[in-house]
Amino acid sequence: MAAANAVVVDLKFERREVDRAVGEAFRDRMVLHASDRECDLSDARYAVVWKPGPDLFRRAPKLEVLFSGGAGVDHVLSLPDLPDIPIVRFVDPSLTTRMSEWVVLQCLSHLRQVPAYLRQQRDRVWRELPQPEAREVTVGIMGLGVLGQDSATKLRMMGFNVLGWSRRKKMLAGVETYDAEGLDKFLSRTDVLVGLLPLTDGTRGIFNNALFARLRQGGALGKPVFINAGRGGSQVEADLREALRTGILGGASLDVFEQEPLPAGDPLWGMDNVIVTPHAASATDVRALFRHVERQIGRYEAGDSLENLVDRTTGY
Ligand SMILES: NC(=O)c1ccc[n+]([C@@H]2O[C@H](COP(=O)([O-])OP(=O)(O)OC[C@H]3O[C@@H](n4cnc5c(N)ncnc54)[C@H](OP(=O)(O)O)[C@@H]3O)[C@@H](O)[C@H]2O)c1
């Protein structure tokens, strides 16, 4: 019989990294690997998961708290037989910092024409390209949560004008913010659109033709740029390819896709001015994840409230 204080680990991350992190964590608890089919999970109260096996909840019917291995929980909320227990998402400075690094890198790459210069280098062309300053460019961030707010602050430090959009209006120093109602105005002022939204019924397919057409044309970069590190399900890739082809968009940086891995034959791979990364904008540091899980279990067992709880009605 499994110990009641055990933690089930069902993380489809690199196994070596998980094993190394397990070796340093949960010193006073038993760790049960769901990948071990013989392992008895029947008494376990906690599980930390990323894309878990379909029978996890049948094997572990006494779970009391579920921990997501990442900030997004769409992979958890869509699970069959999901029990009605608290779900805690992963929020940690390591994850937040990595995402902001990626977002700032992409904004600077389009500002300083990195794709065009790489092409010129490949062709051995010595030609200087126009060079607007960050303060001439407005970055609009859709999703002003933990990741969006940190990215906004760091983009401000680099000198960009920054706008933010979220369901409920936020207050953030130096950043003009809009709520759901203000989408039109937000888009009409945005030169570089950054998507940091969770995937929910309200955000599925939100980045589509109609939205791209409302972005500001003729800003300092000439044409708007689209950057997405939220979830691929929020972008309509047929519309995105079309917008890039027809010049409604001047460029894109994409970390997430409707289908992952992005199929080898997808035209996005070869498009000029499109930067593709393999859902790697901000990977989970598994050691930090386990520290966060230990902290939350400590709170739970001491009778304190769990932090970063998922709201099942909004889906994030
Ligand atoms: N590519 C990667 O490597 C990677 C890594 C980590 C996370 N992610 C993705 O990034 C997402 C955001 O993470 P986070 O920690 O910042 O999440 P968060 O703190 O929950 O913030 C989500 C933000 O999106 C807004 N939002 C949600 N639904 C909306 C809607 N229908 N209309 C307008 N705004 C909406 C929320 O508005 P309110 O503020 O009003 O609630 C909030 O500002 C995750 O869900 C995940 O999908 C990707």
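These are my notes on the ligand site, the second largest pocket and one loop of a predicted model.

**Ground rules.** Residues count from 1 along each chain as its sequence is written. Since the model is predicted, I took local features only at pLDDT of at least 70 and side-chain atom pairs at pLDDT 80 or more, with all residues kept in totals for chains, interfaces and linings, and side-chain values use heavy atoms, leaving out hydrogens and water.

**Ligand.** I looked up the shell first, taking residues with a heavy atom within 4 Å of the ligand. There are 28 residues around the ligand, and R89, R168, K170, D255 and Y316 come nearest. By class I get 13 nonpolar, 9 polar and 6 charged (Ala, Val, Leu, Ile, Met, Phe, Trp, Tyr, Cys and Pro are nonpolar; Asp, Glu, Lys and Arg are charged; the others, Gly among them, are polar). Domain 1 (3-90 + 284-301) and domain 2 (93-276) each give at least three residues to this shell; the bounds come from an automatic or database domain assignment.

Next I checked N or O pairs within 3.5 Å. K170 has a polar side-chain atom 2.5 Å from a ligand oxygen. A polar backbone atom of R167 sits 3.0 Å from a ligand nitrogen, and one of G230 is 3.5 Å from a ligand oxygen. The protein buries 93% of the 940 Å² that the ligand exposes when taken alone (Shrake-Rupley, 1.4 Å probe).

**Second largest pocket.** I put its volume at about 320 Å³, as the space filled by probe spheres set on grid points joined across faces, edges and corners. A pocket here is an open set of points on a 1 Å grid over the protein atoms alone, where a 1.4 Å probe fits, with protein on both sides within 12 Å along at least five of seven lines; lining means an atom within 4 Å of a point. Of 20 lining residues, Q113, L221, G250, G251 and N273 are closest to the centre. The lining splits into 10 nonpolar, 7 polar and 3 charged.

**Loop between β11 and β12.** N273 is in this loop too, with a positive phi near 70°. P261 also lies there, after a cis peptide bond from E260 with omega near -5°. Strands are DSSP E runs of at least two residues, numbered from the N terminus.

Technical notes:
Polar contact = N/O pair within 3.5 Å; in protein donor to acceptor, adjacent residues only side chain to side chain. Helix = DSSP H or I, 4+ residues; strand = E, 2+ residues; numbered from the N terminus.
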